[in-house]
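Trainee: I would like a close look at a single part of this model, with each term pinned to its cut-offs. Please start from one residue and then widen the view to its surroundings.

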Amino acid sequence: MTQTELCISILGASGSIGVQTIEVVLANQTRKCSIELLSVHKNWNALSHLLTKVAPKYLAVTHQNSVEPCKQLIKQLNLTCQIVTQQSEILDICSASHVTHIICATSGIDFLQLYYQLALRGKHLLIANKESLVVGGSYFIDAVRLGKARITPLDSEPHAIYQCINNALWRSCLKSSPEIETVTITASGGPFVSLSKSELEHVKIADALNHPTWKMGKKISIDSATLINKGLEIIECCRLFTLKPNQIKTLIHRQSLVHGFVSFVDGSVLINMYYPTMKIPIAYGIFETRLNNSDKKSITVEVLNSMCFEEVDQIRFPSITLCYLALANGDCSTVALTAANEIAVDSFLSGKIPFNAIIPIIERVVTDTNKSVTSFIDLIELYKETLAKTEEVVKKVR
């Protein structure tokens, strides 16, 4: 393999980001990009579709019940890829010098320690996993600096900011820039942006999953409906771009065309805008250039004239205020926030609590969590403890 070739591993290959990453790679085959490893958990069925398109050297199967079906599938497709099942094996494979990019698209904290170790080993991580920065906190950022790793955010809004300020100084080691005055990320507002506080008391699960702009999984759809997804991105941006909380703002932008903008100290503003798609952040993150996109939609004058922006109503959507509070209180609070949100959202989706109970439950757990953490392992243990604590709070709401 020559120095100009790219080699990527996709962790969370069967999810939306993983699938779209494969599509981006296949659409740009002249770019000499090979796939070293794909990882899947329970959704091994998606592999039959993926493996007819790409042939990775390794297939990581991290759920016990998926191993045998994957072996049979590889045999059926007459592939030669090697199956691995342990995170230690994934770490060794992804740490190889010829692996240039690692797509971090798993959900939750199951791979958080793996991402931490890859950061210490100086790898280029393209992160769609919010937990790395929100739960991993200052310890994860320290690992990035210590290992001289590179981080490219793939979430639309943090990635928009990344494109606006992507320069040699920031890319080198997560240094802040004195030229930045404020950063603004946008939110579509989700399906309930026009509802009153009283109307939010009666929304159904199907309503909350019906996002007006993006097609997403259930968890992220509910996070968008409560707007906590935007609060988590505020935390993500603060840590990723070394900004103070008062430098980060959010606005409702129902058209979801402008994803973020950066205001500089000289009064100039850079805006990143495009029709909703994850393929632009993925392609830019991997190839670090703007590729010709045959599916692109042009933004016309009529579209520009129709755009509008609104302040977030933090009475109806208190999640933003709660996320700022957790950010100000440090790693312990942001860990509790993320873990409590996981249980509260799952409880809503399973019909245990109403929609308007999600944020009060999270707030109660965050307020009641005050534990000293002195290591990365402490953060993970606190996360697990908070899951159990939140389960008890949910029982009382019911």
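Mentor: Contact here means heavy atoms within 4.5 Å. The model is a predicted one, in which local features need pLDDT of at least 70 and side-chain atom pairs count only at pLDDT 80 or more, while totals for chains, interfaces and linings use all residues. Residues are numbered from 1 along each chain as its sequence is written, and side-chain values use heavy atoms, with hydrogens and water left out.

The part I would choose is Thr184, which lies in strand β8 (residues 180–187); strands (E, at least two residues) and helices (H or I, at least four) are DSSP runs, numbered from the N terminus. Thr184 has a relative accessibility of 5% and therefore counts as buried, a word that stands for under 20% relative accessible area, with exposed meaning over 50% and partly exposed the range in between (1.4 Å probe, protein chains only). Once its neighbours within four places in sequence are set aside, Thr184 is in contact with Ile161, Lys249, Thr250, Leu251, Gly260 and Phe261.

One of these partners, Ile161, leads to helix α8 (residues 156–165), which is largely enclosed by the rest of the structure because 10 of its 10 residues are buried. Those buried residues include Glu157, His159 and Gln163 as well as Ile161 itself. Helix α13 (residues 279–287) is likewise largely enclosed, since 7 of its 9 residues are buried, namely Pro281, Ile282, Ala283, Tyr284, Gly285, Ile286 and Phe287, and Glu288, just after α13, takes a positive phi of about 55°.

Most residues other than glycine have a negative phi, which makes two further loop residues worth a look. Thr242, in the loop between α12 and β9 (248–252), has a positive phi of about 50° although it is not a glycine, and at 32% relative accessibility Thr242 counts as partly exposed. Leu227 sits in the loop between α11 (218–226) and α12 (228–240); its phi is near 70°, and Leu227 is buried, with a relative accessible area of 3%.

Widening the view again, the largest nonpolar core (a set of buried Ala, Val, Leu, Ile, Met, Phe, Trp, Tyr and Cys residues joined through side-chain atoms within 4.5 Å) has 97 residues, and Leu337 is among those with the most contacts inside it. Helix α16 (residues 331–349) gives the largest share of this core, 10 residues. Apart from sequence neighbours within four places, Leu337 is in contact with Ile228, Leu232, Ile235, Leu322, Cys323, Ala326, Ile362 and Val366.

Finally, helix α5 (residues 112–120) and helix α18 (residues 376–397) pack at about 165° with their axes 11 Å apart, where axes are lines fitted to C-alpha atoms, for helices over the stretch in contact, and angles run from 0 to 180 degrees between N-to-C directions. That angle makes α5 roughly antiparallel to α18; the label applies over 145 degrees, while under 35 is roughly parallel, 65 to 115 roughly perpendicular and the rest oblique. Leu112, Gln113 and Tyr116 in α5 meet Phe376, Ile377 and Ile380 in α18. Of these, Ile377 counts as partly exposed, because its relative accessibility is 41%, and its C-alpha atom is separated by 9.5 Å from that of Gly136, 241 residues apart along the chain.
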